[in-house]
Amino acid sequence: MIRKKYNISVEATLEVIGGKWKCVILCHLTHGKKRTSDLKRIMPAITQKMLTQQLRELEDDGIVNRIVYNQVPPKVEYELSEYGRSLEPILNALCNWGDQHIIKEYGDKFSVLEDNGLNDFNTDNKELMKP
């Protein structure tokens, strides 16, 4: 194994969770186990190839567990590993910063955020409720 050198620790973090999709996948998995088809449905802009690649990389890094059920038809689910759960405070901080950024840029996060289960909207007072 080649020993790496980093200029700053965040480089090591971004090496594991960086990129367009990994944090999004991880945020969805904080809400429980998901099948590949579930992730594809709630992330329609990701290609199947990219989703599969990102899940494999996260599994290789020990961030997610791939659970294969011995049944017909085959069933595979993904969940955060114990190590992956240690990223939850980081993911929550990213979501909170994103909320503030959306408000700063657009003024109204409700017109920008998708109603996809991660963003629970209270229609009485238009307040975003964190799960």
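Of the 131 residues in the protein chain you have open, 27% count as buried. Buried means under 20% relative accessible area, exposed means over 50%, and partly exposed lies in between, using a 1.4 Å probe and protein chains only. This is a predicted model, where local features need pLDDT of at least 70 and side-chain atom pairs count only at pLDDT 80 or more, while totals for chains, interfaces and linings use all residues. Residues are numbered from 1 along each chain as its sequence is written, and side-chain values use heavy atoms, with hydrogens and water left out.

**Stop 1: the whole chain**

Start with a cartoon view. The protein chain has six helices and five strands, and from the N terminus on they run α-α-β-α-α-β-β-α-α-β-β. Here helices (H or I, at least four residues) and strands (E, at least two) are DSSP runs, numbered from the N terminus.

Now switch on the surface. The accessible surface of the protein chain is about 9300 Å², and carbon and sulfur atoms account for 52% of it. Such areas come from the Shrake-Rupley method with a 1.4 Å probe; for residues, only the protein chains shown count as cover.

**Stop 2: the nonpolar core**

Hide the surface and select I25, L26 and V64. Of the 20 residues in the largest nonpolar core, these touch the most other members. Which elements each supply at least two residues of this core? They are α2 (22-29), α4 (48-60) and β3 (75-80), and the largest share, five residues, comes from α2. A nonpolar core is a set of buried Ala, Val, Leu, Ile, Met, Phe, Trp, Tyr and Cys residues joined through side-chain atoms within 4.5 Å. In soluble globular proteins, nonpolar side chains tend to be buried together.

Keep L26 selected and show what surrounds it. Leaving aside neighbours within four places in sequence, L26 is in contact with I17, L58, I63, V64, L80, L87 and L91. Contact means heavy atoms within 4.5 Å. Across the protein chain, among contacts between residues at least 6 apart in sequence, 41% join residues at least 24 apart.

**Stop 3: the sheet**

Next, select the strands β1, β2 and β3. These three form an open sheet in the order β1-β3-β2, with antiparallel pairing. The edge strands are β1 (34-35) and β2, each of which pairs on one side only. Two strands pair if DSSP finds at least two bridges between them. Strands of a sheet pair through backbone hydrogen bonds, either parallel or antiparallel.

Zoom in on β2 (residues 64-69), which pairs with β3 over six bridges in the antiparallel sense. Five residues make up the hairpin connection from β2 to β3. Try two selections here: V64 stands opposite L80 in β3, and R66 has Y78 in β3 as its bridge partner.

**Stop 4: charged pairs**

How many salt bridges does the structure hold? There are six. A salt bridge is a side-chain nitrogen of Lys or Arg within 4 Å of a carboxyl oxygen of Asp or Glu.

Select E57 and K22, whose side chains meet in a salt bridge (2.8 Å, N to O). This pair links distant parts of the chain, with E57 in helix α4 and K22 in helix α2, 35 residues apart. Are these two buried or exposed, or in between? E57 is partly exposed at 29% relative accessibility, whereas K22 is buried at 3%.

Move on to E77 and K75, a salt bridge whose closest N and O atoms are 3.9 Å apart. E77 is buried, with a relative accessible area of 12%, while K75 is partly exposed at 23%.

Then pick E88 and R85, another salt bridge (2.8 Å, N to O). E88 is partly exposed at 23% relative accessibility, and R85 is partly exposed at 35%.

**Stop 5: a helix and a patch**

Select D99, which lies in helix α6 (residues 88-106). D99 counts as buried because its relative accessibility is 8%. Add L113: the C-alpha atoms of D99 and L113 are separated by 9.2 Å, and the two residues are 14 apart along the chain.

Finish with I8, V10 and L14, which make a nonpolar surface patch of about 290 Å². Patches are made of residues with over 30% relative accessible area and no salt bridge: like charges are joined within 9 Å, and nonpolar side chains (Val, Leu, Ile, Met, Phe, Trp, Tyr) within 5 Å. V10 sits in helix α1 (residues 10-17) and is partly exposed, with a relative accessible area of 45%.
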